[in-house]
Structure formats: C-alpha cells, structure tokens
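Hi there,

As promised, I am handing over the structure we talked about. Please have it open while you read my notes below.

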Amino acid sequence: MATKPTESITILSLRKLSLGTAEPQVKEPKTFTVEDAVETIGFGRFHIALFLIMGSTGVVEAMEIMLIAVVSPVIRCEWQLENWQVALVTTMVFFGYMVFSILFGLLADRYGRWKILLISFLWGAYFSLLTSFAPSYVWFVFLRTMVGCGVSGHSQGLIIKTEFLPTKYRGYMLPLSQVFWLAGSLLIIGLASVVIPTVGWRWLIRIASIPGIILIMAFKFIPESARFNVSTGNTQAAVATLEHIAKMNRSVMPEGKLVEPVLEKRGRFADLLDAKYLRTTLQIWVIWLGISFAYYGVILASAELLERDLVCGSKADSEVVVTGGNSGESQSPCYCHMFAPSDYRTMIISTIGEIALNPLNILGINFLGRRLSLSITMGCTALFFLLLNICTSSAGLIGFLFMLRALVAANFNTVYIYTAEVYPTTMRALGMGISGSLCRIGAMVAPFISQVLMSASILGALCLFSSVCVVCAISAFTLPIETKGRALQQIK
C-alpha cells in the first residue's frame, strides 16, 4: 500500500507584541541632608578650630561672671555696702541675663546664631568697659546688669558647636568645653590677686574685657550654622559652608543634592509646650533652675566662707570701723575684709575642681547616657552640700569645696548637652535661651542664700541647696527622652 507523502508543517509560536514603546526608567537624583553631610565629612581641622574659638566664649563668660565674686569684698568696703546690697549686684547681673536670654534665643532661631553671638559680645565688651568708670554703687549695678544682658547670648557658641559636630563626637567634645570655663575662672582669680592690691578693681575690669574684644575678631573664621541656613531656605549658603568644612578636613561631600524642608515656623514658644516636648521642657526647666542655684551658690558661698570665716561656728562678731569723711570713726554694719593671698589660693584650688570629674563625666555621658549621668552627679552634689557643714580643718573645707565645684560643673556640662540635643533645629536656640533664662532665677536667688541666709544659719542654707539638688536628681532620672547616640532633629 502506497504511503501518502507527509507535508512538513511549520508551527509558529506567536507572542503578543506591545505596540507601545517601553518607557525608559528614570533614575531619581541622589539627595542628602545636613545630618548626612556632617556625618560623611567627619571630624577634622575645622572642628578643632570651631572647638577653640567657640569654646573660648566660655573664657569670657566665666571671667565676667566670676568677676563679681572677687570684686564683692572691695566694693563692700569702698561703698560701705550691706549684705543685701552686695547680693543685689549678682542678682541684677542674672536678671539681665534672664531677660535677654529669651530674646537672644528667639532672634537666633529667626535670624541666625552667628549674628546674635557677635552682637552679644559687642554689647558685653562695651558695658563691661563702662563698668570700670562707674561713679557710684547704683551705676555699678546698672552697668553690670547690662553686661549680664550681653553675656546671655554667649550660649549661641555652644549651639553652633553642637550643630556642626558629628553625633559620636558630641558626647566627648562638648564636655571638654568646661576647660575654657575653668581657664576663665582661674584667669580672673589670678588677675584679681595681682591687680586689685596694686592698681584696684577698676583696672581688673578693664583687663578682663580684653579677651572678649580679641575673640570678636576671631568670629570671622566660623560660618553660620548650616542647619540654620537650610531651615530658612538658604541651601546655597549651607552647601558652601559644608564644602568649606570638607575642604578643611580633607574629606568629601556626600553625592547628590542637599535637600531639606524650608521651615517657616521657627522660634515659637508654643512649640516648646507641644505635647511631644511638654514634659521634657518642664523637667528641663526645673533642672536648669536647680543646677544654676547650686552652681552659683557654691561659688558665692566659697567667697563668703573665706571672706567672713563662717565655718566651725567661728563667725566674726566684730564689725569694722570705717572712717567716713569728717565724721571721724563710726560703727558700720558692713564687713570689710579683703581677700588675703591664701584666700585666692583656696579659690584657685576649689576652682580647679571643676575639671577634676571631667573624664568621669565624659564616660558617664557616653556610656550611662545623659539622664542617668545627670541624676547621679546631682545626687552627689546634694550629699556634699551637707558635708560642707561638718566642722573640719582648712584643708577639709578646701576638699569639700573642690568636690562640690567638680560636681556642679559636671551637672552643667550634662544639662547643656542634653538641652542642645533634645530640641530640633527650629527651636533649639529658643529652647536653650529659655532654659538659660529660667536657670538665672536660681542664680538670682543664690546670692541671698549664700551671702545673707548663710550669715544667720549655715545649716539652713546648706540644707536648702541640698534639697533642691535632690529634686533635680529625681527630675533628671525621669526625663522621657534619652539623647545618647541620637541624631539632631531638624523638625519636631
């Protein structure tokens, strides 16, 4: 049977073809934030210059604040002042600080940290020089109040440092700034021991104004905060600043375009009391007030204990005899006891204490965290205030004052860092300003406890200082936000 020839069949597999042309995928351009840039550039030569220049603002502030402690015995004698009048000088300095701290914080969040820092230094140097020509006690108080107004803006230097430092370096570099405050305190005490006995307190004030004037000229080497610039929409200036930092550090910028939201609402008091920050803000205010009360209480109590020998029940009962004009000799209610060289040495030793706990403070901040570290040092401060009441030798008194100065300095270190870190850029300067302002209430009250109440009851004054420190320790321990290892927030 013949076979039928088979035909080859070709099977075509058809695919559904798209008539449209495939759209090429567009790559999104790379972007970065200021935080990314700061972390990428890293730590380098720019930050060392920043640390030295902005840190030196602490030298000037310490000299202006500590000046009152070393000048008080002299003006007490020259103008025959009573206790409350001497205390009023310090109180009015901090009153000016309190009022302008809020104002400068508000203006810094709106117009820039650098501008406010410069204005505050010019203001402070001008009125400090004028103080040296004060013809009377009233003029002296007024002019020192104006100095306090200017000094309140110096905290913008800390904010600029905070906003430029990479996260992992903030916990180390910011506490080291205490070295500058120590240097200023030692410098003014050393100058006082030489200048006051020779050419008088007026020349001491003039000489103390020189570092601030020199520092003003160094500000041109530090730019405005890049974080502030981007918050106002000035991205070009922020990029230029970051490129300059990268060049100085011999580093590189992140790839892409700097992108940050423009923040129209900046420096608003209501933001501090927003639900997210309300509890933190209120507890920070309590802590600032208490720390300042304790810090300036220690400084003024040290001077008072030395000036009037109020230790171990050896309160001086005798009043000085003051010669006044043609009236001959008359009893004065004013104590007129000038510092001896040994008193200046004691002040220097106790002041050096401010740096003694710095290594432990740095370790505590970075390993235990800001909250726990602060609560521990505040608790120890309360204890040493009570120990100060123990009747002891001169060496024992110096030892207690040494430890107290170390502890109160550690407290200030930690609360400064925490406050600068916890608030976002939009209200960081205002948060620091209001906290600094409220803490001056403590500083305003401290002179009346250290210079008035202590005259009547040493135990009563020390128990009051100790009680306030205990409240602050509890408040620090219960703070709701820990900022250790946390990036700075740009918006709330």
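Let me start with Glu482, which is partly exposed with a relative accessible area of 24%. Please keep in mind throughout that this is a predicted model. The partner of Glu482 is Arg371, and their side chains meet in a salt bridge at 3.4 Å, N to O. Glu482 sits in the segment after α21 (458-477) and Arg371 in helix α18 (residues 370-387), so the pair ties together parts that are 111 residues apart in sequence. Arg371 is likewise partly exposed, with a relative accessible area of 24%.

Other salt bridges

A search of the whole structure gives 9 salt bridges. Another one is between Glu421 and Arg170, whose side chains come to 3.0 Å, N to O. Here Glu421 belongs to helix α19 (residues 394-422) and Arg170 to helix α8 (residues 167-176), so this pair ties together parts that are 251 residues apart in sequence. How accessible is Glu421, and is it buried or exposed? Glu421 has a relative accessible area of 2%, and because the cut-off for buried is under 20%, it counts as buried. Arg170 is buried as well, at 0% relative accessibility.

Then there is Arg113, which forms a salt bridge with Asp109; the closest N and O atoms are 2.9 Å apart. Arg113 has a relative accessible area of 0% and is buried, and Asp109 also counts as buried, at 2% relative accessibility. The two residues are part of something wider, since a network of salt bridges links Asp109, Arg113, Glu163 and Arg428.

Aromatic rings

The count of aromatic pairs comes to 23. In one of them, the ring centres of Trp123 and Phe127 are 5.5 Å apart and the planes are at 45°, so the pair is tilted. Both residues are in helix α5 (residues 113-131), and because they are 4 residues apart there, about one helical turn separates them. Which of these residues is buried and which is partly exposed? Trp123 is partly exposed, with a relative accessible area of 26%, whereas Phe127 counts as buried at 15%.

Phe140 and Trp201 make an edge-to-face pair, with 5.5 Å from centre to centre and 85° between the planes. Phe140 is in helix α6 (residues 137-151) and Trp201 in helix α10 (residues 201-208), so the pair ties together parts that are 61 residues apart in sequence. Phe140 and Trp201 are both buried.

For a group of rings to look at together, try the cluster that ring pairs build from Phe94, Trp181, Trp288, Tyr295, Tyr296, Phe412 and Tyr416.

Arg206 is worth a look too. Its charged end sits over the ring of Phe133, 4.5 Å from the ring centre. The charged end of Arg206 also sits over the ring of Trp203, in that case 4.8 Å from the centre.

One buried serine

Finally, Ser292 lies in helix α15 (residues 278-308). Ser292 is buried, with a relative accessible area of 0%. What is Ser292 in contact with, leaving aside its neighbours within four places in sequence? The contacts of Ser292 are Gly297, Phe412, Cys439, Arg440, Gly442 and Ala443. Phe412 will be familiar from the ring cluster described above.

Happy to go through any of this with you on screen.

Best wishes

How values were computed
Residues numbered from 1 in each chain as written. Predicted model: local features only at pLDDT ≥ 70, side-chain atom pairs only at ≥ 80, totals over all residues. Heavy atoms only, no water. Salt bridge = Lys/Arg side-chain N within 4 Å of Asp/Glu carboxyl O. Buried < 20%, exposed > 50% of the residue type's maximum accessible area, 1.4 Å probe, protein only. Helix = DSSP H or I, 4+ residues; strand = E, 2+ residues; numbered from the N terminus. Contact = heavy atoms within 4.5 Å. Phe/Tyr/Trp six-rings, centres within 6.5 Å; stacked < 30°, edge-to-face > 60°. Lys NZ or Arg CZ within 6 Å of the ring centre and 35° of its normal.
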